[in-house]
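Let's take a walk through this model together, starting from the inside and working outward. Keep the 3D view handy and click along as we go.

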Amino acid sequence: MATMTHLMIEFMAPYRLWALAVIPLIGVLYVVLSGRTSKPRPMSSRLRIVVPKDAAWKRHGAVLLGLLSLAALIVAWAIPKDYVDKPRDRATVVVSIDVSWSMEARDVEPDRLQAAQESAKAFVDSLPERFNVALVSFAGTADLIVPPTIDRGVVHRAIDSLQLAPSTAVGEGVYKSLDALKLVPPDPSDPDAVAPAAVVLLSDGATNIGRSSAGAAEKAREQGVPVYTIAFGTDNGFVEQDGQRQRVAVDHWELSEIARLSGGKKYAAESAGQLDEVYDAIRQSVGTERVPAEVTDRYAGLAIIFAVLAAMGVISLGARWP
């Protein structure tokens, strides 16, 4: 199997590509034979009708198309492969939601937390039935609200019951999410199989208590668990404390670092609608995997196209088009 850069074609039988060497040989042979012309004889008017003056470029074009068809056939013979998205049958997703006081800001209607709850429930429902889902909430501490389960109703009720609390411990939220993965029930049909897992973390604030979120992200990477972070809210958000407004802007930098260090991806959403779009993108990433697939038919199809064009070129040499 050939291993090349991701920008190049990979082949399951790359040794067959040596057959491509015959194409320049045929090309050189054609050029040599085309150059062996004897003294031109005057054409009769009838022959000029059958073989028009512009026959040379048609002949060259037909040969070129024939060589392209042969090249495409050889490439198909080498069994090229590409990577396609295949739906996963089983996986575990931990939804970790920030419930710190800043989630009370109303820059997102009706407020950040309620919008997050509604979108999280829709996201959970969109996952394949055999996916286990766990729910973690974090503020000053992190709590495992629902261990991994396929019961969507339990997760829904738990999301609805989330309550605001002081402080923000994003790192603890990641650590608790990793702990939740230890409770994944085995697959009845294959108890020894380890399903892939991912953490989807929604937050708006910076860590101000608990362990480092960077350390948590590195731990997630060691375990092969990407963390998809969602920076939710706007820079104009505020909450009222003791009759005074306190600005609660979103900390994009910390959430970007968590995603980068863990091997996940960071998203931003400033409205409930954007949050739905972000969850759709995450669902595509988590719910599918890149797998190799044979794409011989692509190049066989190209070979047919080039062969048809070459045949039309040959026919046009002896035909008189209207």
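F123 is a good place to start: with a relative accessibility of 2%, it counts as buried (buried means under 20% relative accessible area, exposed over 50%, and partly exposed in between, with a 1.4 Å probe and protein chains only). Y279 is buried too, and its relative accessible area is 2%. Bear in mind that this is a predicted model, in which local features need pLDDT of at least 70, side-chain atom pairs count only at pLDDT 80 or more, and totals for chains, interfaces and linings use all residues. Residues are numbered from 1 along each chain as its sequence is written, and side-chain values use heavy atoms, with hydrogens and water left out.

What does a search of the whole structure find in the way of aromatic pairs? It finds one. F123 and Y279 make up an aromatic pair that is stacked, at 4.7 Å centre to centre and with 20° between the planes. (Rings of Phe, Tyr and Trp, the last by its six-membered ring, pair if their centres lie within 6.5 Å; planes under 30 degrees apart count as stacked, over 60 as edge-to-face, and the rest as tilted.) The pair ties together distant parts of the chain, since F123 sits in helix α4 and Y279 in helix α9, 156 residues apart. Helices (H or I, at least four residues) and strands (E, at least two) are DSSP runs, numbered from the N terminus.

Stay in α9 for a moment, as V278 lies in this helix as well. V278 counts as buried, at 8% relative accessibility. Its C-alpha atom is separated by 6.7 Å from that of Y267, and the two residues are 11 apart along the chain.

Now for the nonpolar interior. A nonpolar core here is a set of buried Ala, Val, Leu, Ile, Met, Phe, Trp, Tyr and Cys residues joined through side-chain atoms within 4.5 Å. The largest one has 36 residues, and I230, F232 and I282 have the most contacts inside it. At least two residues of this core come from each of β3 (92–98), α4 (112–126), β4 (132–138), α5 (152–160), β6 (197–203), β7 (227–232), β10 (266–269) and α9 (272–287). Which element gives the largest share of this core? That is α4, with six residues. Another core, of 24 residues, lies apart from it; V170, A180, V227 and L261 are among its members.

Next, look for open space. The largest pocket holds about 250 Å³, and its lining is made of 14 residues, with L181, V184, V194, A195 and A197 nearest its centre. That lining splits into 10 nonpolar residues, three polar and one charged. (Ala, Val, Leu, Ile, Met, Phe, Trp, Tyr, Cys and Pro count as nonpolar, Asp, Glu, Lys and Arg as charged, and the others, Gly among them, as polar.) As for how a pocket is found: on a 1 Å grid over the protein atoms alone, it is an open set of points where a 1.4 Å probe fits, with protein on both sides within 12 Å along at least five of seven lines, and lining residues have an atom within 4 Å of a point. Grid points are joined across faces, edges and corners, and the volume is the space filled by probe spheres set on the points.

Then there are the backbone oddities. Most residues other than glycine have a negative phi, and most peptide bonds are trans. E109 and P110, however, are joined by a cis peptide bond, with omega about -5°. P110 is in the loop between β3 and α4, and D111 lies in the loop between β3 and α4 too. D111 counts as buried, at 9% relative accessibility, and its C-alpha atom is 9.3 Å from that of G233, 122 residues apart along the chain. I79, in the loop between α3 (55–77) and β2 (80–87), has a positive phi near 55°. S167 also has a positive phi, near 75°; this residue is in the loop between α5 and α6 (170–180) and is partly exposed, with a relative accessible area of 29%.

Finish at helix α10 (residues 296–318), where you'll find L309. L309 is partly exposed at 38% relative accessible area, and its C-alpha atom is 8.3 Å from that of G66, 243 residues apart along the chain. A311 lies in α10 as well, and is 7.1 Å from A62, C-alpha to C-alpha, with their positions 249 residues apart in sequence.
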